[in-house]
Amino acid sequence: MTGSTQETAAAPETRTRSLGVARNLGLVVALVVLCAVGLVTAGERFASTNNIITVLSLASAIGVVAIGMTFVITGGGIDLSVGAIVALASVWASTTGTQAMAENVGWIVIVTTAVGVGIACGVINGLLIAYGKIVPFIATLAMLASARGLAEIIADRKTQIVRDEAFRDALGARPLGVPVIVYVFAVIVVLGWFVLNRTTFGRRTFAVGGNVEAARLAGIKVQRHTVYLYALLGATCGVSAVMLMSRTQTGSSTHGLMWELDAIAAVVIGGTLLSGGRGT
């Protein structure tokens, strides 16, 4: 009787794993089909090293944002402000004052400023949602308008040029012919996978997204964890802003337009449930 009960309980879990494997395999097949179409229609141009590197470079910045968005959506949330946060971080990190400080201290000031701005915006979103009990859609929509507006005010609706040579040389380098931002993206993908699947933080994220009340009864500080999730997404927005600045050599209030839709689409296509509780 006991063995029968255990088998019955294990059956749903086995089915869930099978569905997950099938879904991921389907994504791989779709990618292969797209590549095959590219090869047929564009031939050597599509498969050329330059084209592959160009695609990776363009995808890296939004890809980093998608990693952070994966955590938020898996945790049952949503964020419509990521593009505006990227814009604000790029503008704040490229102001005359920040670049003047970078000349004296080092280009790392530009990086820490952008990431710090991203984290601050993420924490504000998290506090409004977790403790202010504001619906994520509304809270992040307000942040979208606020961050984009503040970016326009700081930049005076002008594009700011990144003139710090050390920053441009360090992040504009191409080790082995591949841009540094592609390496950064790869590292963040690996770290994101590890944190989501191999740490307590990741398990708590799944629990909060699956059932908030059950997670609370299990001893998880749901509100605090929610703030952490949005802060993490804000940090990835800051990193993405740095990557965008290194590629375009500018900080602008127009950076990241419509990125929120691209990031959400990337997360869902990648196998994460929009309702939360399951992500990859």
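Phe 71 is buried in this predicted model, because its relative accessibility is 3%, well within the buried class, which takes in values under 20%. Keep this residue in view, as it leads to the next feature.

A pair of aromatic rings is described by the distance of the centres and the angle of the planes. Searching the whole structure turns up one aromatic pair, and its members are Phe 71 and Phe 201. Their ring centres are 6.2 Å apart, and the planes meet at 45°, so the pair counts as tilted. If you trace the chain, you will see that this pair links distant parts of it: Phe 71 belongs to helix H3 (residues 49–74) and Phe 201 to helix H10 (residues 200–210), 130 residues apart. The partner has its own setting: Phe 201 is partly exposed, because its relative accessible area is 24%.

Now let us turn to the empty space. Rolling a probe the size of a water molecule over the atoms shows where such space is left. The largest pocket holds about 1,200 Å³. It is lined by 31 residues, and those closest to its centre are Leu 31, Phe 185, Ala 266, Ile 269 and Gly 270.

Which elements give two or more residues to this lining? They are helix H1 (2–42), H3, helix H9 (180–198) and helix H13 (259–269). Here we meet H3 again, the helix that carries Phe 71: with eleven residues, H3 gives the most to the lining of the largest pocket. As for chemical class, the lining has 22 nonpolar residues, eight polar ones and one charged residue.

Note on methods. Residues are numbered from 1 along each chain as its sequence is written. This is a predicted model: local features need pLDDT of at least 70, side-chain atom pairs count only at pLDDT 80 or more; totals for chains, interfaces and linings use all residues. Side-chain values use heavy atoms; hydrogens and water are left out. Rings of Phe, Tyr and Trp (its six-membered ring) pair if their centres lie within 6.5 Å; planes under 30 degrees apart count as stacked, over 60 as edge-to-face and the rest as tilted. Helices (H or I, at least four residues) and strands (E, at least two) are DSSP runs, numbered from the N terminus. Buried means under 20% relative accessible area, exposed over 50%, partly exposed in between (1.4 Å probe, protein chains only). On a 1 Å grid over the protein atoms alone, a cavity is a set of points where a 1.4 Å probe fits but cannot get out, and a pocket is an open set with protein on both sides within 12 Å along at least five of seven lines; lining residues have an atom within 4 Å of a point. Grid points are joined across faces, edges and corners, and a volume is the space filled by probe spheres set on the points. Ala, Val, Leu, Ile, Met, Phe, Trp, Tyr, Cys and Pro count as nonpolar, Asp, Glu, Lys and Arg as charged, and the others, Gly among them, as polar.
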